[in-house]
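Please read the notes below with the model open beside you, and check each point against it as you go. They are written for someone who is new to reading structures.

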Amino acid sequence: MTAVTAARPVRAARPRHLAGTGTLLRLALRRDRLMIPAWVLALGLTVAAMGASFEAVYDTAAQRAGLAASMNHNGSMRALYGPVFSDSVGGLVAWRMAGFGAVLAAVMSLLIVVRHTREEEETGRQELLSAAMVGRRAPLTAALLTALIANSLLAALIAGGTALSGRPAAGSLALGLAIGGTGTLFAGLAAIAAQLTESARLAKGLTGAVLGLAFALRAAGDAATTDATSPLTWLSPIGWSENLRPYAGERWWILLLFLAATALAGSTAYALTARRDLGMSFLPARPGPALAPRSLSGPFGLAWRLQRTTLLGWAAGFLCAGAVFGGIAEGASDLVGGNQQTREIVERMGGQQGLTDAFLATMAGLLGMVASLYAAGAVLRLRGEETGERAEPVLAGAVGRLRWAGSHLVIAYGGTAVILASGGLVLGLAHGLSADDLGGQLGPVLAAALSQVPAVWTLTGLAVLVFGLLPKATPAVWALVGGCLAIGWLGPSLKFPPWAMNLSPYSHLPKLPGADATAAPFVWLLALSALFALLGLVGVRRRDIG
């Protein structure tokens, strides 16, 4: 009796499964006090401002109806953006941003959840926190609540911003809930991936693969039908987002799909986290070979091993993008129609040459801007190796700092050229075949894609500079890259002033193919990139590691 009585206080003192959730939630919000507002404001304000852009370009109902008809009759454009359900300004905003915004909200959510679950376990911080009064499910709950708060703020900003800009309130609310609901659902899917995988990188990759599959299903379904009724579209949460149909007779019952799927994903994640030990996973790494290959005998082999999967994935994505863009380039005139303002926007983005060449130049520029995301991630992998305490054992041997950093930078700089060459090659092939002029189109289009390399390398050098001199400020690299993307994508349609456009290195490149090109901008950008990289490497050599 005495032993049983003495054991009861110990059992009562055990932390509950959700104990400490509030404290972890406040900690997560404090750590993300810059990232979450940046994501929410950038995406929310972009959606809110899109209506004014459409009003400026398509200022009559007839022009908007013509745009809707041309988009719905082009399978490639439906695959990219989905069908247009309404030719009102709000309907065009939903057509352009429902799927695109849903993808970005999903990316934001997976980064938040993985950061506060698997990444905390991988670094050992969660084990330290769990030694206190923290329940088993508290970290996962705090991460999901953080993602829910971010998506709720995003949905509110989109709904409020579009409504204040003159769109119907019901459609504005539906658009906000469609984008925020997709983000919340992928937060639950990211939570499952965090339980299955053994590292944050694999968790992000697995969730990203699911997101890519969802986009591919939606694209295939929309390419096959003009009203998003394909079963493939309904298999994708991104398809649910567009089928909610903001500003086109809202289907509010689709929100029940988001609610049910999110509840199922969250329940699965909770069930999995209760069945594994801290730091463990359900998909453990396979044992490696008994002897390491000779390729791992140096820092470059290690860098290639760490970054090869990412590089191959980006190259495959650029191959697919090049095939899609090249297939629709010959029909650029049909897509633009007789709208002079649309023609002017395409020409501002792609140059004053023929409309088809201007469209190809625009697509080459888009590939270049997206390639900067890969380059930034490849450079910042150095920071991940440093903060993960994996760089210090390497540097403790005969490997110097410059060799260690240089091995990753070779992948970053060379990988940029590889993925742009992949996209440009398929872009030129697809366009040349559709135009029955393969020999005359392949070379110029490939050269146009490769002409983006100096601009991407300039941002790559800027990332090296920040890593070397201000390592704690490396998250700002994503803001710099995102700013250049916004300038290049929104600047021509919103008519940014010249000084704002000149802040992006892409604005200084000639609009190839078709435009006259001189060596001066390429030389200056390459010199600037080399200067940034040199200063960054000097910083790496002089500062403390870690």
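**Notes on the model**

1. Lys204 is partly exposed, with a relative accessibility of 31%, where buried means under 20% relative accessible area, exposed over 50%, and partly exposed in between (1.4 Å probe, protein chains only). Lys204 forms a salt bridge with Glu119, and their closest N and O atoms are 3.9 Å apart; a salt bridge here is a side-chain nitrogen of Lys or Arg within 4 Å of a carboxyl oxygen of Asp or Glu. Because Lys204 lies in helix H11 (residues 200-224) and Glu119 in helix H7, this pair ties together parts that are 85 residues apart in sequence.

2. Before going further, please keep in mind that this is a predicted model, in which local features need pLDDT of at least 70 and side-chain atom pairs count only at pLDDT 80 or more, while totals for chains, interfaces and linings use all residues. Residues are numbered from 1 along each chain as its sequence is written, and side-chain values use heavy atoms, with hydrogens and water left out.

3. The protein chain has 25 helices and zero strands, these being DSSP runs numbered from the N terminus (helices are H or I with at least four residues, strands E with at least two). Of the 546 residues in the protein chain, 48% are buried. Contacts (heavy atoms within 4.5 Å) are also informative: among those in the protein chain with a separation of 6 or more, 75% are accounted for by residues 24 or more positions apart.

4. How many salt bridges does a search of the whole structure find? The search finds ten, and in general, side chains of opposite charge can pair when their charged atoms come close. One salt bridge joins the side chains of Glu121 and Arg118, at 3.6 Å from N to O. These two residues are three apart in helix H7 (residues 118-123), which means that about one helical turn separates them. Glu121 is buried at a relative accessible area of 16%, and Arg118 is buried as well, at 1%.

5. Another salt bridge connects Glu386 with Arg543, whose closest N and O atoms are 2.8 Å apart. Glu386 lies in helix H18 (residues 355-387) and Arg543 in the segment after helix H25 (520-542), so the pair ties together parts that are 157 residues apart in sequence. Both partners are buried, since Glu386 has a relative accessible area of 3% and Arg543 one of 13%. In addition, Arg381, Glu385 and Arg390 are linked in a network of salt bridges.

6. Helix H21 (residues 438-450) has 13 residues, which at 1.5 Å a residue should span 18 Å, and its end C-alpha atoms are indeed 18 Å apart; the expected span is 1.5 Å times one less than the number of residues. Within H21, the residues Gln441, Val445, Ala448 and Ala449 are buried. Seen down the axis of H21, its buried residues fall within an arc of 95°, so they line one face of the helix, the arc being that of the directions from the helix axis to the C-beta atoms.

7. What can be said about the cysteines and disulfides? The structure holds zero disulfides, a disulfide being a pair of cysteine sulfur atoms within 2.5 Å. Cys320 is exposed at 52% relative accessibility, whereas Cys484 is buried, with a relative accessible area of 7%.
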